[in-house]
Amino acid sequence: MLSARFTADGSFSLHSDSFAESFHSSDGALEEANSKFVLPAQLDRFPDGRDLRVLDVCFGLGYNTAALMSALPHRGGPSLQCWGLELDRAPLRLALAEPTFQALWPPHVVACLGALSAEGCWQDSDRQQSVQMLWGDARQQLRQLPADGRFDLIFLDAFSPSKCPQLWSEEFLQSLADLLAPSGRLLTYCRAAAVRNSLRHAGLALRSLLPKSREGSAWSAGTLALRPSDDHQPCPVIGPGWRGLSAMEEEHLQTCAGVPYRDPTGTDSAALILNRRQQEQAFADRPSTSAWQRKWQGGEFRRSY
Ligand SMILES: C[S@@+](CC[C@H](N)C(=O)[O-])C[C@H]1O[C@@H](n2cnc3c(N)ncnc32)[C@H](O)[C@@H]1O
């Protein structure tokens with residue numbers, strides 16, 4: 001069951017009863033797409049005529065792809081080839097029925113979302129842009145992606161690890177990392193230690209998305225994971241909306257929270273994956289996450305920025 005809600009920036013979103021979670025942060029669905037996915041992607045790295053290959057994992061209402069398309073130049077710009085992975089067709093259908101959602105986007109983006117909902121694909125040869133949906137469980141649909149060419153950008157926007165651990169497992173994240181082109185970037189709102197450890201284990205360099213406010217628990221707004229370039233140049237340490245991990249964040253990865261989610265066959269249920277991780281945590285020789293929280297909650301926490 002999905003219910004409609006409006007977020008703080010006025011943009012339309014949904015809440016899922018089956019996952020017991022909202023689709024977007026209450027700050028704003030559009031704000032989140034722009035600040036956590038489009039800005040750190042640095043689209044100006046892709047000049048006119050160059051291919052830009054994007055994979056949008058958990059397409060939902062389509063905010064991340066729509067915000068990316070809206071941010072590309074109206075004329076010229078890279079040639080966009082985008083794939084969306086999504087289990088449920090209802091979020092996009094519900095969004096398109098909401099006039100304020102349609103009003104957020106330029107006409108070609110509304111046309112694209114409409115075609116994706118009706119036919120699962122869209123192409124604009126004048127703009128050299130195409131988007132293709134693969135409906136179903138992303139773990140299986142990943143195999144249907146074209147074998148040629150890897151992705152410059154992967155947006156990972158699943159429900160949180162405790163609600164949807166299937167899409168945060170070490171194995172799934174390794175598969176996504178393997179799909180990244182040299183200098184490719186995986187972006188997610190998630191800052192969980194388990195997820196960061198799995199991305200690092202998959203050979204990616206980690207960066208932290210800057211929170212809007214640096215108060216309280218807002219120590220990171222998510223993660224940027226970079227595949228090194230072919231010429232082994234060091235990955236940039238800071239960029240628009242991101243910076244290297246702080247000492248506090250590095251220490252977080254060593255705690256019990258850093259034990260990864262495991263789904264060896266790519267078919268396990270959420271309950272089985274969570275249970276398996278709990279057992280591994282019980283025997284893990286790692287510092288407790290609550291001790292880490294206590295250590296960093298005072299002045300040191302603020303000074304780390
Ligand atoms: C947080 S929402 C995504 C929000 C979306 N990026 C947007 O801009 O609206 C998570 C999405 O993951 C989808 N989902 C859940 N489990 C999935 C799975 N195993 N494979 C693919 N999609 C899944 C849900 O249907 C939901 O649309």
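In this predicted model, the search for disulfides comes up empty: the structure holds zero of them. Two cysteines illustrate the point. Cysteine 164 takes part in no disulfide, and the nearest cysteine sulfur, which belongs to cysteine 58, is 6.1 Å away. Since a disulfide calls for two cysteine sulfur atoms within 2.5 Å, the 6.1 Å between the sulfurs of cysteine 164 and cysteine 58 does not qualify. Cysteine 164 has a relative accessibility of 7%, and therefore counts as buried. Cysteine 235 is likewise in no disulfide, with the sulfur of cysteine 190 as the nearest cysteine sulfur, 20 Å away. Cysteine 235 also counts as buried, because its relative accessibility is 17% and the limit for that label is under 20%.

Cysteine 58 returns in the surroundings of the ligand. There are 21 residues around the ligand, and those that come nearest are Cys58, Leu61, Glu86, Ala138 and Asp157. The backbone of cysteine 58 supplies an N or O atom that lies 2.8 Å from a nitrogen atom of the ligand. Leucine 87 also contributes through its backbone, with a polar atom 3.1 Å from a ligand nitrogen. In aspartate 137 it is the side chain that takes part: one of its N or O atoms is 3.2 Å from a nitrogen atom of the ligand. How much of the ligand does the protein bury? Taken alone, the ligand exposes 600 Å², and the protein buries 97% of that. As for the character of the surroundings, the shell is made up of 12 nonpolar residues, five polar ones and four charged ones.

Attention now turns to charged side chains within the protein. Side chains of opposite charge can pair when their charged atoms come close. The count of salt bridges in the model comes to 14. One of them joins the side chains of aspartate 263 and arginine 139, with an N to O distance of 2.8 Å. This pair links distant parts of the chain, 124 residues apart: arginine 139 belongs to helix H6 (residues 138-141), while aspartate 263 sits in the loop between helix H9 (247-254) and helix H10 (270-283). Are these two partners buried or exposed? Aspartate 263 and arginine 139 are both buried.

A second salt bridge connects lysine 295 with glutamate 251, and their closest N and O atoms are 3.0 Å apart. Here too distant parts of the chain are linked, since lysine 295 is in helix H11 (residues 289-296) and glutamate 251 in helix H9, 44 residues apart. Lysine 295 counts as partly exposed because its relative accessibility is 39%. Glutamate 251 is also partly exposed, at 28% relative accessibility.

A third salt bridge is formed by glutamate 280 and arginine 262, whose closest N and O atoms are 2.8 Å apart. Glutamate 280 lies in helix H10 and arginine 262 in the loop between H9 and H10, so this pair ties together parts that are 18 residues apart in sequence. With a relative accessibility of 29%, glutamate 280 counts as partly exposed, and arginine 262 does as well, at 28%. Shared partners also join Asp137, Arg139 and Asp263 into one network of salt bridges. This network leads back to the ligand, as the side chain of aspartate 137 has an N or O atom 3.2 Å from a ligand nitrogen.

Burial is also a theme for one of the helices. Helix H2 (residues 63-71) has nine residues, of which seven are buried, so this helix is largely enclosed by the rest of the structure. The buried residues of H2 are Tyr63, Asn64, Thr65, Ala66, Ala67, Leu68 and Met69.

Finally, two loop residues deserve a look for their backbone angles. Most residues other than glycine have a negative phi. Glutamine 128 is not a glycine, yet has a positive phi of about 55°. This residue is placed in the loop between strand E6 (121-124) and strand E7 (129-135), and counts as partly exposed because its relative accessibility is 46%. Histidine 232, another residue that is not a glycine, has a positive phi of about 60°. Histidine 232 is found in the loop between strand E11 (222-226) and strand E12 (242-244). At 68% relative accessibility, histidine 232 counts as exposed.

Conventions:
Residues numbered from 1 in each chain as written. Predicted model: local features only at pLDDT ≥ 70, side-chain atom pairs only at ≥ 80, totals over all residues. Heavy atoms only, no water. Buried < 20%, exposed > 50% of the residue type's maximum accessible area, 1.4 Å probe, protein only. Near = heavy atom within 4 Å. Polar contact = N/O pair within 3.5 Å; in protein donor to acceptor, adjacent residues only side chain to side chain. Areas by Shrake-Rupley, 256 points an atom, 1.4 Å probe, with all protein chains shown as cover. Nonpolar A, V, L, I, M, F, W, Y, C, P; charged D, E, K, R; others polar. Salt bridge = Lys/Arg side-chain N within 4 Å of Asp/Glu carboxyl O. Helix = DSSP H or I, 4+ residues; strand = E, 2+ residues; numbered from the N terminus.
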